[in-house]
Every structure is written in C-alpha cells, then in structure tokens.
Amino acid sequence: VPMADTDLKDRQHALEDAFYRDDTETYRHQLEPREKEVAAREELAAASGISDEAVLGQLASLGIRADTLAALTLIPLIEVAWADGKMDDREREAILFGAESTGISKESPSHGLLRIWIEDRPAPDLVDAWSQFIRALCREFSEEQRGRLQRNLLGRARRVAEAAGGFLGLGPKVSKEERAVLESLARAFPG
C-alpha cells in the first residue's frame with residue numbers, strides 16, 4: 001500500500017506542476033503584450049516628447065515605431081521654422097530651445113535630425129508624406145484621440161513659432177507666414 005501512496009502523491013505533484021506551469025505560462029503570455037506596450041510607450045515618449053498617455057498608448061498599439069514618431073513630431077516644427085523661406089541664427093536657437101522645452105532632449109536622435117533640418121530645409125514632399133501619414137493614422141483614432149494628437153503636434157509647433165516670434169518681445173509672436181503653415185498643417189487632420 002505504501003507504493004500506491006507514493007504513486008498517488010507523485011501523480012498529484014505531477015498534476016499540480018502541470019496545472020500551475022500551464023497557468024503560469026498563460027499568465028506570462030498575457031503579460032508580455034502589456035510589458036511590450038509599456039516599453040513601446042516609453043520609447044515613443046522619449047523619441048517624441050509626447051507625454052499624453054492615451055495618444056502614446058494608441059500609437060504603441062498600432063505598432064508605430066519611435067523613428068516614425070520622431071519624424072511625425074519634428075516635421076511641423078521644421079515647417080514652421082522655414083515658413084518665411086529662410087532661417088536665421090535667432091530662429092535656429094529658438095527652434096532648438098523650443099524643441100528642448102517641449103521634451104526633445106539634446107541627446108535624442110530627434111534633436112540631431114532637427115539640427116540637420118535647421119541648416120538644410122527638407123524636401124517639400126516631406127510635408128506631403130507627413131500629411132498623408134496623419135490622415136491614415138487619424139482613421140485609426142477616435143475623435144478625442146485625433147484632437148489630442150493634433151493639439152500635441154501643432155501645439156508644440158506653435159510654441160516654437162512663439163519662441164521665435166517678435167523682436168525684443170515686441171510685435172506679434174507668430175508671423176503671418178508661420179500662422180499660414182500652422183493652418184496648412186492643421187488641414188491634415190480630419191474634422
């Protein structure tokens with residue numbers, strides 16, 4: 001009879017191990033996507049300076065990569081900076097300061113790309129590609145999420161324009177050319 005008890009206990013342990021092992025595996029597989037999304041959100045936030053969790057969550061769930069998001073956030077900044085067709089030293093400084101003050105750190109790849117674009121204006125088709133991407137992206141967002149994304153992207157560009165605007169604190173903060181560029185960028189967002 002002790003042999004039967006041992007066999008039963010062995011089988012009981014084997015059953016428990018199998019049950020809990022499978023349960024642990026299931027739980028682990030459920031956590032993996034959440035952990036990946038959290039990591040993706042952190043990477044997207046670092047690349048873009050976006051801090052809105054709802055927008056970051058939606059971008060992460062759509063598989064948007066950090067390098068794509070960096071371009072998405074920088075293009076409005078650079079278009080506003082080049083609104084009058086040229087960029088002087090004061091505007092360059094204001095753009096870099098504005099980018100840093102809105103969360104794009106000096107060490108980030110986005111900041112490096114921005115430094116290149118303040119010296120050499122990007123090709124015009126870049127804004128067309130940006131607008132098309134925004135339209136496609138907005139189809140995946142709710143109306144509220146679209147509004148948040150628009151406020152985030154264009155709000156940062158407006159703050160950069162304000163930082164570059166006016167002379168010695170006098171005059172309008174945003175030039176008519178910058179305002180026209182901001183309005184043009186806003187048309188990429190539906191609604």
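**Entry 1: terms and overall fold.** I take a helix to be a DSSP run of H or I with at least four residues, and I number the helices from the N terminus. I keep in mind throughout that this is a predicted model. I first looked up the secondary structure of the chain and found 8 helices and 0 strands, which I then read along the sequence as the pattern α-α-α-α-α-α-α-α.

**Entry 2: burial, contacts and surface.** I looked up how much of the chain is covered, and buried residues make up 38% of its 191 residues. I then turned to contacts between residues at least 6 apart in sequence, and noted that 67% of them join residues at least 24 apart. For the surface, I recorded an exposed area of about 11,500 Å², of which carbon and sulfur atoms supply 54%.

**Entry 3: a pair inside helix 7.** I began the salt bridges, of which the chain has 7, with Arg148 and Glu144, whose closest N and O atoms are 3.1 Å apart. Both residues lie in helix 7, which spans residues 143-164, and because they are 4 residues apart there, they are separated by about one helical turn. I checked the exposure of each partner: Arg148 is partly exposed at 26% relative accessibility, whereas Glu144 reaches 52% and therefore counts as exposed, the cut-off being over 50%. I also asked myself which residues are joined into one network by salt bridges that share partners. The network consists of Asp52, Glu144 and Arg148.

**Entry 4: helix 1 to helix 2.** I next looked up Glu53, which forms a salt bridge with Arg41 at 3.1 Å between the closest N and O atoms. This pair links distant parts of the chain, since Arg41 belongs to helix 1 (residues 2-48) and Glu53 to helix 2 (residues 53-61), with their positions 12 residues apart in sequence. I found both ends partly exposed, Glu53 with a relative accessibility of 48% and Arg41 with 24%.

**Entry 5: helix 4 to helix 5.** I then recorded the salt bridge in which the side chains of Arg92 and Glu119 meet, at 3.2 Å from N to O. Arg92 sits in helix 4 (residues 89-101) and Glu119 in helix 5 (residues 109-119), so this salt bridge ties together parts that are 27 residues apart in sequence. Is Arg92 buried or exposed? I have Arg92 as buried, because its relative accessible area of 17% falls under the 20% cut-off. Its partner Glu119 is partly exposed, with a relative accessible area of 46%.

**Entry 6: aromatic rings.** Finally I looked for pairs of aromatic rings, and the count comes to 1. The rings are those of Trp130 and Phe189, with centres 6.1 Å apart and planes at 75°, so I class the pair as edge-to-face, planes over 60 degrees apart being the criterion. This pair also links distant parts of the chain, for Trp130 is in helix 6 (residues 125-138), while Phe189 is in the segment after helix 8 (176-186), the two being 59 residues apart. I looked up the accessible area of each residue as well: Trp130 is buried at a relative value of 2%, and Phe189 is likewise buried, at 6%.

Methods: Residues are numbered from 1 along each chain as its sequence is written. This is a predicted model: local features need pLDDT of at least 70, side-chain atom pairs count only at pLDDT 80 or more; totals for chains, interfaces and linings use all residues. Side-chain values use heavy atoms; hydrogens and water are left out. Rings of Phe, Tyr and Trp (its six-membered ring) pair if their centres lie within 6.5 Å; planes under 30 degrees apart count as stacked, over 60 as edge-to-face and the rest as tilted. Buried means under 20% relative accessible area, exposed over 50%, partly exposed in between (1.4 Å probe, protein chains only). Contact means heavy atoms within 4.5 Å. Accessible areas come from the Shrake-Rupley method with a 1.4 Å probe; for residues, only the protein chains shown count as cover. A salt bridge is a side-chain nitrogen of Lys or Arg within 4 Å of a carboxyl oxygen of Asp or Glu.
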